[in-house]
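Me: I should like a close look at a single part of this model, beginning with one side chain and its polar partners. Please then extend the account, in one connected answer, to other parts of the model.

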Amino acid sequence: MAREQLQTLTEPMYYILLALTEECCGVDIMERVKVLSHGRVTVGPGTLYAMLAKFEEKGIIRPTVFTTRRKSYIITDIGRKELEKEYARLKTLTADGAFYFEK
Amino acid sequence: MKNKNRKIVRKPFSYLQCDDFAAYLSDMAAKGWHFKEWGAGLVFEKGEPEQAVYAVEVFIHGSQYDLKPDDHTMNFSDYCEAAGWKLVDAKMKFCIFKQIRPDAVPIVTEQERLENATKAYRKQLIWQAVLAIIWIGNILMLFLPTRQFIKSILSNANLVIAAYWVFYCAYTIGRYIWYCAWKCKAKKRLYAGETAILSQADETLWNGIAIAAVGLFTIGYGITMGLWMVALFLGVLLAFMVLGFALNKLRPDANTYLGVQVLFSIVLTFVIIVVSASIASAENEKETDWREFPLVYEDLTDTVGELEDTFHTSSSSIFGSTHYYSLSYANDYLIYEIYETEHDWILDIIWDYQHSYARNAEPVDCTALWDAQSAYHNEVVEYYVRYDDAILFFRLDKNFILTEEHVSIICDALGLEG
């Protein structure tokens, strides 16, 4: 499940936010995550539903189209900063690892 | 006419049994019975035997009062359908899905399933616990040395209620401990990499205990209060069952369901109060025949005004009994109350309470007059008399001073050892 304070993002969280850098219907996010991760990460519909609700509550994403049955989302500026922060963190991690593994 | 292609099964599953539930639906499908919907129970329709895979999930955004899928649930079902699961039906926080694609992605992770189920289950337990806390307060009130304690300890009906309160609190604590133990085991199984975590939570024993306790309480209360109370209780139970059946059949939305329940409860409470009060009043009327009072003012003096009002109430329990008599005349009155018990500790509490009640007035010792263990009276002529196995509270008009002869008449009439 999503880590409480979003200090770091879990893999599914990271890819969901990546998917939402472009406006996307909630239902289609699962497929986009699969494509973005080259089939490595799959997000269950229940997990996705709960995460979208949490992201929306925290202002990380916002709905663009909102009908009774369908909702589309896009990442907000706050969300983008979170994602950039995570990307920078992951880059630091790989750079630090490279020092040992790519000598 | 009975439809052979359709059957309704009343089989309760809790949120902690989602995997058992799904396995049960798959077993039924393998026998040719396919889950169709919720009605007065689980509705199955006859068809070809099929190796169907079901997923029963706790939809945390659902409401406990949902009897049918609402907009949120339908929106959730769209996500699930895209992942290979078709929603068959939903009720409360339960959602039942049938796998429609072999490559269907699990709806949630095992850890999320455990979290969702325990969260929903805990919410149910919390309401039970809130009620238990209120009742613990009531039990404490019963055992404080006040008039309520005297009323409770010397009334079998109140003792039955107190026993039920104690049981309910113990039951709630027991059930919570059971739930915590189950959760610990489930977590261990989860970390061990097992699947189908939401199982092994058979609540048959707990449900059996609850039903047996309500049954025993009804019988106990019926014995102490009279058969009308059993009839009233069964009537209420039947009314709730009929309402539950009708609502489950009609499946209104959550707001209507909640509204109907609240309205029904208010109306029923009103009916219970009115019926109980009128029956109790009729019974009281029967008991308040002053000619059967053991002592009246005429037994003590010839100059008595016209009798205007009388009142009598009594109760008894396994610990003893209490009788209260009150007679109002044109210019005088006579009130006496007797507590009889073989238990000194009960008499001590009653005596201390009565003593504190009369402490403001100046007590005059009259132990010798009553030939009692202890006795005193105050200036408003209230007599407090304690014997080995009884306490008498006697109050009459302030101008009337009791003599030895009066005391002898009173003790003879009330069966006190003077």
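Reply: A polar atom of the B:Thr118 side chain lies 3.1 Å from the backbone oxygen of B:Glu115; the model is a predicted one. The same side chain also reaches the backbone oxygen of B:Leu114, at 2.7 Å. B:Thr118 belongs to helix α3 of chain B, which spans residues 110-143. Its relative accessible area is 3%, so B:Thr118 counts as buried, the limit being under 20%. Beyond its neighbours within four places in sequence, B:Thr118 is in contact with B:Leu16, B:Tyr179, B:Trp182 and B:Lys183.

Burial may also be followed along a helix of the other chain. In α2 of chain A, residues 26-36, the buried positions are A:Gly26, A:Val27, A:Ile29, A:Met30 and A:Val33. Viewed down the axis of α2(A), these buried residues fall within an arc of 165 degrees and therefore line one face of the helix. Their cover includes α1 (11-19), β1 (24-25), α3 (45-57) and β3 (71-75) of chain A. Chain B takes part as well, since the cover also includes its helix α2 (71-82). After α2(A) comes A:His38, with a positive phi near 55 degrees.

One of the covering elements, strand β3 of chain A, holds A:Ile74. Not counting residues up to four places away in sequence, A:Ile74 touches A:Leu20, A:Thr21, A:Glu22, A:Glu23, A:Ile61, A:Arg62 and A:Thr64. Between the C-alpha atoms of A:Ile74 and A:Phe55, residues 19 apart along the chain, the separation is 11 Å.

The cover from chain B leads to the interface. Here 19 residues of chain A are in contact with 20 residues of chain B. The size of an interface is often expressed as the accessible area lost when the parts come together. Between chain A and chain B the buried area is about 1,600 Å², with carbon and sulfur atoms giving 61%. On the side of chain A, the residues that lose the most area to chain B are A:Pro45, A:Tyr49 and A:Arg69, which together make up 44% of what that side buries.

As for polar interactions, the rule finds zero salt bridges across the interface of chain A and chain B. Four residue pairs are in polar contact between the two chains, with both residues at pLDDT 80 or more. Helices α2 and α3 of chain A are the elements giving two or more residues to the side that touches chain B. Of these, α3(A) gives the most, with eight residues. By class, that side of chain A comprises 11 nonpolar, six polar and two charged residues.

Notes: Residues are numbered from 1 along each chain as its sequence is written. Chains are lettered from A and ligands numbered from 1 in the order in which they are written. This is a predicted model: local features need pLDDT of at least 70, side-chain atom pairs count only at pLDDT 80 or more; totals for chains, interfaces and linings use all residues. Side-chain values use heavy atoms; hydrogens and water are left out. Buried means under 20% relative accessible area, exposed over 50%, partly exposed in between (1.4 Å probe, protein chains only). Helices (H or I, at least four residues) and strands (E, at least two) are DSSP runs, numbered from the N terminus. The arc is that of the directions from the helix axis to the C-beta atoms. Contact means heavy atoms within 4.5 Å. Buried area is the accessible area (1.4 Å probe) that two parts lose on being put together, summed over both. A salt bridge is a side-chain nitrogen of Lys or Arg within 4 Å of a carboxyl oxygen of Asp or Glu. A polar contact is a pair of N or O atoms within 3.5 Å; within protein, one must be able to donate a hydrogen and the other to accept it, and residues adjacent in sequence count only if both atoms are side-chain atoms. Ala, Val, Leu, Ile, Met, Phe, Trp, Tyr, Cys and Pro count as nonpolar, Asp, Glu, Lys and Arg as charged, and the others, Gly among them, as polar.
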